[in-house]
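The following paragraphs are meant to be read with the sequence and the coordinates side by side. They begin with a convention for angles and then move through the chain.

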Amino acid sequence: MNELLAPVEMSEADRLTIAAGTPGLTLMENAGAAVAEATVALAPGQRVTVVAGPGNNGGDGFVAARLLAERGYSVKVILVGEASRLKGDARAAFDRWRGPVEAAAPEALAACDVIVDALFGAGLDRPVEGLPRAMIEAINARGVPVVAVDLPSGINGATGAVMGAAVKATRTVTFFRRKPGHLLLPGRLHCGPVAVVDIGIPASVLASVQPKTFANGPALWGLHFPLPRIEGHKYSRGHVVVVSGGLSTTGAARLAARGALRAGAGLVTMASPREALAINAAGSLAVMVRPVDGALELAEFLTDHRRNAVVLGPGGGVGAAMRDQVLTALGSEAAVVLDADALTSFAGEPEPLFAAIRARSAAVVLTPHEGEFSRLFKLLYKDLKVKSKLEAARMAAAASGAVVLFKGPDTVVAAPDGRASVSDNAPPYLATAGSGDVLAGMIAGLLAQGQEFGMTGFEAASAAAWLHGEAAAAFGPGLIAEDLPEALPGVYRTLFAQVAPPPP
Ligand SMILES: NC(=O)C1=CN([C@@H]2O[C@H](COP(=O)(O)OP(=O)(O)OC[C@H]3O[C@@H](n4cnc5c(N)ncnc54)[C@H](OP(=O)(O)O)[C@@H]3O)[C@@H](O)[C@H]2O)[C@@H](O)CC1
Ligand SMILES: [K+]
C-alpha cells in the first residue's frame with residue numbers, strides 16, 4: 001500500500017480495471033459510497049452541499065449526493081459547469097441524482113453544515129480561475145467541515161502544488177492508493193487525514209502500472225534493513241569515517257558521528273585536522289579520532305577498505321580543499337555521503353562532481369536542503385515548468401548519478417533509476433540546527449552496515465530520513481540535534497520488532 005500514483009498512473013489503473021471487466025460506473029459508485037460514509041462520519045448537521053465539477057470527480061460527488069439523500073440528509077448539488085456537457089460515467093451518475101441542482105455562485109454555499117468538495121480531482125490540468133476559483137475561496141471562507149473527493153480541489157495530484165487556489169479540506173477520501181500530492185507540500189496541508197479506500201481496482205494492475213514513487217516507511221526498505229545479528233561483531237557492522245572541519249567547526253561532524261554510531265555502525269572514526277584533534281577527542285567517547293589533514297592523507301586513510309562509508313561536508317568549509325577531499329573520497333571504494341559544504345563547494349560547477357560519481361559503483365548520497373539543491377542543480381531547477389520537488393529530485397538524481405535526498409518537511413529521496421520516496425513523518429521541530437548533520441551520519445551508518453543485507457543507497461537514505469522523523473517525533477517538542485541520536489534506540493526497538501523475521 002506504499003505506492004503513490006500520479007494522476008496518469010491512476011488513470012492507467014482505472015483503465016486496466018475497466019478493460020478487465022469492471023464498469024467505470026461501478027468504480028464511481030464505490031468511490032461515491034466511500035465519500036458518503038466519510039461525510040456521515042464528519043457532518044455536524046443534516047444539510048450537505050456537494051460542489052461538483054465537470055469531470056468524473058463531480059461524478060463521485062453526484063453518487064455521494066444520492067446516497068446521502070437516501071440516508072435522510074438534506075442534500076443540494078452545486079454544479080460548476082454545464083449539465084449538458086457532462087459525459088460518460090459522470091453523466092450517468094448525474095442522471096441518477098433526482099434532487100436539487102443549483103448554478104454555481106459563492107452565495108449558494110450559505111446554508112449547509114458540511115461540504116463535499118467534488119470540483120476537481122486527478123483531471124486538474126491548469127491554474128484555477130474565474131468561477132471555480134471563487135467557489136474554492138467560498139468553500140474555504142464558509143468555515144464548515146469539508147470532505148474532499150480524491151484531492152482537495154486545486155491541488156495538483158502529482159506535485160502537491162496549489163494551482164491558483166485550493167480547498168482546505170477537513171479530510172480527504174482517495175481511491176486505491178495515495179497520490180504524491182497528498183504527501184508533498186503544500187498539498188498535504190490541504191488534505192487533513194487521508195483515507196484510502198478500495199473501490200474495486202485490484203492490486204494486480206500495479207504490475208503493469210509499475211509505480212516508482214513510494215510513501216517512505218518500513219514497507220519500502222524493511223526487508224533490507226541491517227538488523228544486528230547475534231553472530232555479528234563490530235567489524236561486520238561497518239566502519240564510518242566522518243571528516244571533521246577545523247578548530248571552530250567540529251560540532252557538525254561530531255553530530256554526524258554520533259548519528260552514525262546510534263544508527264548501528266560498528267565503528268565510527270572522525271578524520272580530524274590536527275589542529276582540532278584535542279577538541280574532537282575530548283568530545284567523543286565511543287567515536288574514535290585520528291589525525292587526517294587534507295586530501296592526500298584522506299586518500300591514504302581510505303585505503304583501508306574496512307572503512308566502508310564516509311561523510312563529508314558538515315562543518316567542512318567551502319572551497320578547493322573541500323572539492324579535493326570530495327573527489328578523493330569518491331575515488332575510494334567506500335560509500336560516500338555528501339552534505340552541506342561538500343555540496344556548496346561544487347555550486348556553479350557541478351560537472352567534475354557528477355563525473356566522479358558516475359565513474360564509481362559504490363553508493364553516493366547527496367543530502368541538500370532547498371538552498372543547497374538550487375545552488376548545485378541550478379539549471380535543472382529553473383527548467384522545471386511546474387516546480388515539483390519530486391521531479392526536481394528525480395532529475396537531480398538522473399543528472400548526478402547519485403541518490404539525492406532533498407530535505408524538508410516533505411523530504412524526497414530519488415535514485416538515478418527513477419525510484420523516489422516521499423516522507424510525511426517529520427515533526428515541525430525537526431527543523432533545528434544540526435539535525436541535517438545527524439541525518440548524514442545516520443545514512444552513512446546504515447550504508448556501512450547494509451551492504452550484506454542488500455541495502456542500496458536509495459534504501460539507506462530513505463530509511464534514515466524516516467528514522468530521523470520518527471526519532472524527532474519520539475523525543476517531542478524542545479528537540480535539539482543532540483537529542484536525535486539518543487532517541488533512536490526507542491525507535492529501533494519498535495522497528496526491529498516489526499521487520500525482524502519471525503523466529504523459526
Ligand atoms: N473511471 C474513472 O476513471 C474513475 C475516476 N474517479 C474520479 O474521477 C476523477 C478524475 O476525473 P477526470 O479525469 O474526469 O478529472 P476531474 O478531476 O473530474 O476534472 C477534470 C475536468 O475539469 C476540467 N478542468 C481541469 N482543470 C480545470 C481548471 N483549472 N479550471 C476549470 N476546469 C478545469 C476539465 O475540463 P476541460 O475544461 O479541460 O475540458 C475536466 O472536465 C478522480 O479524481 C476521481 O475522483 C473515480 O470515480 C474512480 C473511477
Ligand atoms: K476534489
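Where an angle between two elements is quoted below, the axes are lines fitted to C-alpha atoms, for helices over the stretch in contact, and the angle runs from 0 to 180 degrees between N-to-C directions. The model itself is predicted.

With that convention, a pair of helices can be placed: the axes of helix H10 (residues 251–262) and helix H21 (residues 483–499) come within 9 Å and cross at roughly 5 degrees. Since angles under 35 degrees count as roughly parallel, H10 and H21 are therefore roughly parallel to each other. Their contact brings Arg-258, Gly-259 and Arg-262 of H10 against Leu-484, Pro-485 and Leu-488 of H21, and by class the residues of this contact are three nonpolar, one polar and two charged.

Turning to the sheets, one of them is open and built from seven strands in the order E3-E2-E1-E4-E5-E6-E7, with parallel pairing. Strand E3 (101–103) and strand E7 (194–197) stand at its edges, and because each has a single partner strand, one side of each is left without a neighbour in the sheet. On average, and with direction ignored, neighbouring strands of this sheet are turned by 25 degrees against each other. At the E7 edge, strand E6 (residues 171–175) pairs with E7 in the parallel sense over four bridges, and Thr-172 stands opposite Val-194 in E7.

Helices cover this sheet as well. Helix H2 (residues 24–42) lies across strand E1 (47–52), strand E4 (114–118), strand E5 (146–149), E6 and E7, and runs at about 160 degrees to E6. Helix H3 (residues 56–70) also packs on the sheet, where it touches E1, strand E2 (74–79), E4 and E5, and its direction makes about 160 degrees with that of E1.

H3 appears again around the ligand. Of the 29 residues that surround ligand 1, the closest are Gly-55, Asn-56, Asn-57, Gly-121 and Gly-123, and the elements that give two or more residues to this shell are helix H1 (7–19), H2 and H3. The largest share, five residues, comes from H3. By class, the shell holds 13 nonpolar, 10 polar and six charged residues.

Two local backbone features follow E6. Most residues other than glycine have a negative phi, and most peptide bonds are trans. Phe-176, in the loop between E6 and H6, has a positive phi near 75 degrees. Leu-185 and Pro-186 are joined by a cis peptide bond with omega of about 0 degrees, and Pro-186 lies in the loop between helix H6 (180–183) and helix H7 (187–191).

For residues 10–207, an unreviewed UniProt entry lists "domain: YjeF N-terminal". Over residues 10–207 the chain is 39% helix and 17% strand, with the end C-alpha atoms 13 Å apart.

Another open sheet has 10 strands in the order E8-E17-E16-E15-E14-E13-E12-E9-E10-E11, and its pairing is mixed. Strand E8 (213–215) and strand E11 (288–291) stand at the edges with a single partner strand each, so one side of each is left without a neighbour in the sheet. Here neighbouring strands are turned by 20 degrees against each other on average, direction ignored. Within this sheet, strand E12 (residues 309–312) and strand E13 (residues 335–338) pair in the parallel sense over four bridges, with Val-311 opposite Val-337 in E13. Helix H19 (residues 435–450) lies across strand E9 (239–243), E12, E13 and strand E14 (364–366), running at about 165 degrees to E12.

Definitions and conventions
Residues numbered from 1 in each chain as written. Chains lettered and ligands numbered in written order. Predicted model: local features only at pLDDT ≥ 70, side-chain atom pairs only at ≥ 80, totals over all residues. Pairing = 2+ DSSP bridges. Contact = placed C-beta atoms within 7 Å. Near = placed C-beta within 6 Å. Nonpolar A, V, L, I, M, F, W, Y, C, P; charged D, E, K, R; others polar. UniProt positions renumbered as here; feature names shortened; annotations may be inferred. Parallel < 35°, antiparallel > 145°, perpendicular 65-115°, else oblique.
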